[in-house]
Amino acid sequence: MSKAFVKESDDEWLNEIQPTMNALINFLTRENNGIKIFEKKIYVHPGTKKEIHEMSNGLSYSINDDERWYVID
């Protein structure tokens with residue numbers, strides 16, 4: 001597909017979106033061809049003390065110290 005047909009928002013990366021749940025859900029839904037992604041579970045990681053968000057796409061996400069989303073391994 002030509003770059004001429006790619007919307008600006010399609011070039012957005014996970015670590016570039018705002019550190020909010022709405023931004024994460026909107027980003028993941030766009031990445032999933034419009035199929036709604038939702039949060040299944042939220043908990044605090046015992047080691048890092050950071051919130052972990054398990055999403056319906058099978059991946060878990062958290063926000064790092066730089067206020068950027070990342071995928072939990």
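## Exercises on a one-helix, four-strand model

β2 and β3 pair in the antiparallel sense, over two bridges. The model is predicted. Work through the exercises with the structure open.

### Exercise 1: The overall layout

Task: State how many helices and strands the protein has, and the pattern they follow along the sequence.

Solution.
- Step 1. Count the elements: one helix and four strands.
- Step 2. Read along the sequence: the pattern is α-β-β-β-β.
- Step 3. Turn to burial. Of the 73 residues, 22% count as buried.
- Step 4. Add the surface. About 5500 Å² is exposed, and carbon and sulfur atoms supply 50% of that area.
- Step 5. Check the contacts between residues at least 6 apart in sequence. Of these, 23% join residues at least 24 apart.

### Exercise 2: The sheet

Task: Give the strand order, the sense of pairing and the edge strands.

Solution.
- Step 1. The four strands form an open sheet in the order β1-β2-β3-β4, with antiparallel pairing.
- Step 2. Find the strands that pair on one side only: these edge strands are β1 (39–44) and β4 (69–71).
- Step 3. Look at the turn between neighbours. On average it is 30 degrees, direction ignored.
- Step 4. Recall the general rule: strands of a sheet pair through backbone hydrogen bonds.
- Step 5. Take β1 with β2 (residues 51–55). Five bridges join the two strands, in the antiparallel sense. Here Val44 stands opposite Glu51 of β2.
- Step 6. Move to β2 with β3. Two bridges join this pair. His53 faces Tyr61 of β3 as its opposite residue.

### Exercise 3: Positive phi

Task: Which residues take a positive phi in the hairpin of β1 and β2, in the hairpin of β2 and β3, and just after α1?

Solution.
- Step 1. The hairpin of β1 and β2 has six residues between the strands; in it, Lys49 has a positive phi near 65 degrees.
- Step 2. The hairpin of β2 and β3 has four residues between the strands. Gly58 takes the positive phi there, near 90 degrees.
- Step 3. Leave the hairpins and go to the end of the helix. Asn33 follows α1, with a positive phi near 55 degrees.

### Exercise 4: The helix on the sheet

Task: Place α1 relative to the strands, then identify its buried residues and what they pack against.

Solution.
- Step 1. α1 spans residues 21–31 and lies across β1, β2, β3 (60–63) and β4. The helix runs at about 30 degrees to β2.
- Step 2. List the buried residues of α1: Ala23, Leu24, Ile25, Phe27, Leu28 and Thr29.
- Step 3. Compare with helix geometry. An α-helix has 3.6 residues a turn, so residues three or four places apart point the same way.
- Step 4. Find the partners. The buried residues of α1 pack against β2, β3 and β4.
- Step 5. Zoom in on Thr29, which lies in α1. Thr29 counts as buried because its relative accessible area is 14%, under the 20% cut-off.
- Step 6. Set aside neighbours within four places in sequence. Thr29 is then in contact with Gly34, Ile35, Lys36 and Ile37.

### Exercise 5: The segment before the helix

Task: Is Trp13 buried or exposed?

Solution.
- Step 1. Locate Trp13: the residue sits in the segment before α1.
- Step 2. Apply the cut-off. Trp13 has a relative accessible area of 57%, and exposed means over 50%. Trp13 is therefore exposed.
- Step 3. Relate Trp13 to Glu31. The two are 18 residues apart in sequence, with 10.0 Å from C-alpha to C-alpha.

### Exercise 6: Salt bridges

Task: How many salt bridges are there, and which parts of the chain do they link?

Solution.
- Step 1. With a limit of 4 Å between nitrogen and carboxyl oxygen, the count comes to two.
- Step 2. Arg30 and Glu12 form one of them, at 2.6 Å from N to O. This pair links distant parts of the chain: Arg30 is in helix α1, Glu12 in the segment before α1, 18 residues apart.
- Step 3. Grade their exposure. Arg30 is partly exposed at 36% relative accessibility. Glu12 is also partly exposed, at 26%.
- Step 4. Lys50 forms a salt bridge with Asp65; the closest N and O atoms are 2.7 Å apart. Lys50 lies in the loop between β1 and β2, and Asp65 in the loop between β3 and β4, 15 residues apart.
- Step 5. Grade this pair too. Lys50 is partly exposed, with a relative accessible area of 21%. Asp65 is exposed, at 66%.

Terms used: Residues are numbered from 1 along each chain as its sequence is written. This is a predicted model: local features need pLDDT of at least 70, side-chain atom pairs count only at pLDDT 80 or more; totals for chains, interfaces and linings use all residues. Side-chain values use heavy atoms; hydrogens and water are left out. Two strands pair if DSSP finds at least two bridges between them. Axes are lines fitted to C-alpha atoms, for helices over the stretch in contact, and angles run from 0 to 180 degrees between N-to-C directions. Contact means heavy atoms within 4.5 Å. Buried means under 20% relative accessible area, exposed over 50%, partly exposed in between (1.4 Å probe, protein chains only). Accessible areas come from the Shrake-Rupley method with a 1.4 Å probe; for residues, only the protein chains shown count as cover. A salt bridge is a side-chain nitrogen of Lys or Arg within 4 Å of a carboxyl oxygen of Asp or Glu.
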